[in-house]
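Trainee: I am new to this structure. Please take me through one part of it closely.

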Amino acid sequence: MVIEGIGGVGKTTLALHWAHQNTARFPAGQLFANLRGFDPQVAPANPAAVLHSFLLALGVNPATIPAGVDAAAALYRSVLADRQILIVLDNVRDADQVLPLLPGTTSCAVLVTTRNRLSWLRTQGAVFVRLEPMADAEAHILLDRVLANEEIQTEPTAATAIVHRCSGLPLALTIAAARVVEHPDFPMSDLVAELDAETTRLNAFDAGDRARSLRAVLSWSSKALDGQLARAFRLLGAAPLVDIGVFAAAWL
């Protein structure tokens, strides 16, 4: 199963939530690896290194682990044969990272999260789920769970405005809600005003943690583009549109 979607839309959270809910289905355990496909400060994980760590976790003697990727992958598939294990491959950049880590048996399950379209994995039998931003009603439910009811009842207009400014991204909404909880003396309307300021609104989504800062998470996708694509993406900022077609973008 490949869960794809933009940064901050909740792919990792969904995968881990499902994994925790289904531990009984995998009595031999679970394996997890962050392949760092979109971290600009750290190189994407090498499949050989991930294989080595997985084999160690599976109890293989380090002295018997081959150095080559192909040989290590073959040993990995042999060890996994007939075992019921869930393998979670998070933040995958491309199919080349995934292929050596696929088991050779249907007794195992693999969950992949990615921002890219890994269509080639369809040839390996992968099922794809596109995770979209939340609808307003779903976002209100999430906000209700983080905030106390009386806060929303006191400022319902501000709560609705926060939902709209977060554009359906769970990461943005949870950061904004956390700021409300941390500063109970400030009205939610103050946060709405900060979110309305175009030049500084992303500052409102800084959780003090690079991995959970919306600005950083979104920038990772941009920095993963090559020069020509990155320039085209920046130029699209001139169009005051949420969506734009290929031909319209070309004319622009």
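Trainee: Before that, what percentage of the residues in the protein chain is buried? Then please look closely at the largest pocket.

Mentor: Buried residues make up 36% of the 252 residues in the protein chain. Buried means under 20% relative accessible area, exposed means over 50%, and partly exposed lies in between, with a 1.4 Å probe and protein chains only. This is a predicted model: local features need pLDDT of at least 70, side-chain atom pairs count only at pLDDT 80 or more, and totals for chains, interfaces and linings use all residues. Residues are numbered from 1 along each chain as its sequence is written, and side-chain values use heavy atoms, with hydrogens and water left out.

First, the setting. The protein chain has 12 helices and five strands. These are DSSP runs, numbered from the N terminus: helices are H or I with at least four residues, strands are E with at least two. The C-alpha atoms fill a box of roughly 60 × 50 × 30 Å along the principal axes.

Now the pocket. Rolling a probe the size of a water molecule over the atoms shows where empty space is left. A pocket is an open set of points on a 1 Å grid over the protein atoms alone, where a 1.4 Å probe fits, with protein on both sides within 12 Å along at least five of seven lines. The largest pocket holds about 2000 Å³ of space. That volume is the space filled by probe spheres set on the points, which are joined across faces, edges and corners.

Next, its lining. Lining residues have an atom within 4 Å of a point. There are 42 of them in the largest pocket. Nearest its centre lie Ile6, Leu218, Phe233, Leu241 and Val242. Three helices, α7 (156–165), α10 (214–223) and α11 (227–235), each supply at least two lining residues. The largest share, seven residues, comes from α10. By class, the lining divides into 22 nonpolar, 10 polar and 10 charged residues. Here Ala, Val, Leu, Ile, Met, Phe, Trp, Tyr, Cys and Pro count as nonpolar, Asp, Glu, Lys and Arg as charged, and the others, Gly among them, as polar.

One last stop follows from α7. Serine 167 lies in the loop between α7 and α8 (170–182). Most residues other than glycine have a negative phi. Serine 167 has a positive phi of about 55 degrees, although it is not a glycine. Serine 167 is exposed, with a relative accessible area of 52%.
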